[in-house]
Amino acid sequence: MPPPSTSDENDDLDAPPPPRPGHYAEQSLLGALLLDPHRLDEIGPLESGHFSNHTHGELFRAMRSAPVPKAEQHRASPAWLNTVLDAARPHAPGLTASYLHTVIQVCPWPSHAATYARMVRADHARRSLRLHAERLAQTAADTTLPHRAQATVQQADTLAQFLDDLSGRFAPHPGSLPRTPLPPSPARDTSEDALDEERLLIATATAYPAEAREMRWLVPEDFALPVHMALWQCLTALARRGDPVTVLWEAQHRGLLTHGTTSTDLLALLSTPVASPEHWGEKVLERALLSRAQTAALRIAAFTDDPATSPHQLITGSRRALAELTAVRSRWHQATTPATPRTAHPARTPAAPRAGPTPRSAPLPVRATR
């Protein structure tokens, strides 16, 4: 039995985490500006919203609004400090004169104000990028949206535009790829609806191989279930010779009948087409798009959580994560903007049941109606 915790250990557990380096950069910048207000013209584009601490942001806003005194006047009188304090207090009630002295004492070199400002901008860019990644993930997972894929694509565009804006603010440097270990991809959607769509696609593509052959925008990796992925490979390999029996034969050679799936299972699956291959293919591809968006968002968030990544590494790594989403997105656009009208097909009569045990593993036969 482990010894009881001491009071010092409990105090450590209850203590707040130490401030991040960005907090000290904000304090140092404010201290430098309080000491030398004329440096407000040297720090480049900076806004109060770039500060992570609300009080720091309001203090900076007050500095921007107060007329900058002459150097001799500022050294002789604290009038400007009092003006800044009075302007900031209504929006930051906890701000005191003693805190102004604290940030002044924290600042090691007032002449480094421009450097501190770049650090504040970099920290703000990291936080903003994470917010964009979170919005992308939330949009891709929001089942209440009427056009979830389109909304996800728009959010990805917004994130890409933000990265373009950032690239103009931070100079590139050698070793621009982040070294952050990539997190595992989120689990694919294997709900009954998702698997039904994959089953119906495979069955309908078997019934209409000529149309399935034109669906070059769909790849095996778009399927959530590995056995469905392998069946799609069987269908595309057969080209014009596809029918339930030939697909079953191809599946046997690919080892699909050695993992608890019987020939009866596959024939039942392949013999129940409904609608058209393009219809179900679009749904499968849309789910793949949403899954890839969540993966990209998760990777970008991981980059922002790694304090060792520089702003340019964040930009480069995030663009690479979005590039994989863009590849799926281009195929999705190709699928959803067909050049010719589609042909509606009546549902075929399912094949007669064959003797055999009830399937115990995916793929399961599709439901007759939806």
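α9 (192–207) and α14 (277–305) each supply at least two residues to the lining of the largest cavity in this predicted model. The contribution of α14 is the greatest, at three residues. The volume of this cavity is about 50 Å³, and a search of the whole structure finds three cavities of 30 Å³ or more. Its lining is made up of Arg188, Asp189, Ala194, Glu198, Ala224, Val284, Arg287 and Ser291. Sorted by class, the lining holds four charged, three nonpolar and one polar residue.

**Overall fold**

The protein chain has 15 helices and zero strands. Of its 370 residues, 44% count as buried. Among contacts between residues at least 6 apart in sequence, 76% join residues that are at least 24 apart.

**Nonpolar cores**

In soluble globular proteins, nonpolar side chains tend to be buried together. The largest nonpolar core here has 44 residues, and within this core Leu201, Leu218 and Trp232 touch the most other members. Two or more residues come from each of α7 (113–141), α8 (148–167), α9, α11 (226–238), α14 and α15. The largest share is that of α14, with 10 residues. Helix α14 is thus named twice over: it gives the most to the lining of the largest cavity and the largest share of this core.

Apart from this core lies another, of 30 residues, including Leu40, Ile43, Ala66 and Leu100.

Leu218 can be followed further through its contacts. Leaving aside neighbours within four places in sequence, Leu218 is in contact with Leu201, Phe223, Trp232, Gly281, Val284, Leu285 and Arg331. Leu201 and Trp232, two of these partners, are named with Leu218 as the members touching the most others in the core. Another partner, Val284, also lines the largest cavity.

**Aromatic pairs**

The count of aromatic pairs comes to two. In one, the ring centres of Phe51 and Phe60 are 5.2 Å apart and the planes stand at 40 degrees, so the pair is tilted. Phe51 has a relative accessible area of 6% and is buried; Phe60, at 1% relative accessibility, also counts as buried. The other pair joins Phe223 and Trp232, with ring centres 5.7 Å apart and planes at 40 degrees, so this pair is tilted too. Both Phe223 and Trp232 are buried, and each is in contact with Leu218.

An angle of 40 degrees is neither under 30 degrees, which would count as stacked, nor over 60, which would count as edge-to-face.

**Four residues and their distant partners**

The table lists C-alpha separations for pairs that are far apart along the chain.

| Pair | Apart along the chain | C-alpha separation |
|---|---|---|
| Trp332 and Leu218 | 114 residues | 8.5 Å |
| Ala301 and Leu129 | 172 residues | 7.8 Å |
| Glu42 and Ala113 | 71 residues | 7.7 Å |
| Glu286 and Ala149 | 137 residues | 6.5 Å |

Trp332 is found in helix α15 (residues 311–336). Its relative accessibility is 7%, and because buried means under 20%, Trp332 counts as buried. Not counting residues up to four places away in sequence, Trp332 touches Ala149, Gln150, Val153, Leu285, Glu286 and Leu289. Leu285, one of these, is also a contact of Leu218.

Glu286 is found in helix α14 and counts as partly exposed, at 31% relative accessibility. With residues up to four places away in sequence left out, Glu286 touches Ala149 and Trp332. Ala149, Glu286 and Trp332 therefore touch one another under the 4.5 Å heavy-atom rule for contact.

Ala301 is found in helix α14 as well. Ala301 is buried, with a relative accessible area of 11%. Outside the residues up to four places away in sequence, Ala301 touches Arg130 and Ala133.

Glu42 is found in the loop between α2 (21–35) and α3 (54–65). At 42% relative accessibility, Glu42 counts as partly exposed.

Terms used:
Residues are numbered from 1 along each chain as its sequence is written. This is a predicted model: local features need pLDDT of at least 70, side-chain atom pairs count only at pLDDT 80 or more; totals for chains, interfaces and linings use all residues. Side-chain values use heavy atoms; hydrogens and water are left out. On a 1 Å grid over the protein atoms alone, a cavity is a set of points where a 1.4 Å probe fits but cannot get out, and a pocket is an open set with protein on both sides within 12 Å along at least five of seven lines; lining residues have an atom within 4 Å of a point. Grid points are joined across faces, edges and corners, and a volume is the space filled by probe spheres set on the points. Helices (H or I, at least four residues) and strands (E, at least two) are DSSP runs, numbered from the N terminus. Ala, Val, Leu, Ile, Met, Phe, Trp, Tyr, Cys and Pro count as nonpolar, Asp, Glu, Lys and Arg as charged, and the others, Gly among them, as polar. Buried means under 20% relative accessible area, exposed over 50%, partly exposed in between (1.4 Å probe, protein chains only). Rings of Phe, Tyr and Trp (its six-membered ring) pair if their centres lie within 6.5 Å; planes under 30 degrees apart count as stacked, over 60 as edge-to-face and the rest as tilted. A nonpolar core is a set of buried Ala, Val, Leu, Ile, Met, Phe, Trp, Tyr and Cys residues joined through side-chain atoms within 4.5 Å.
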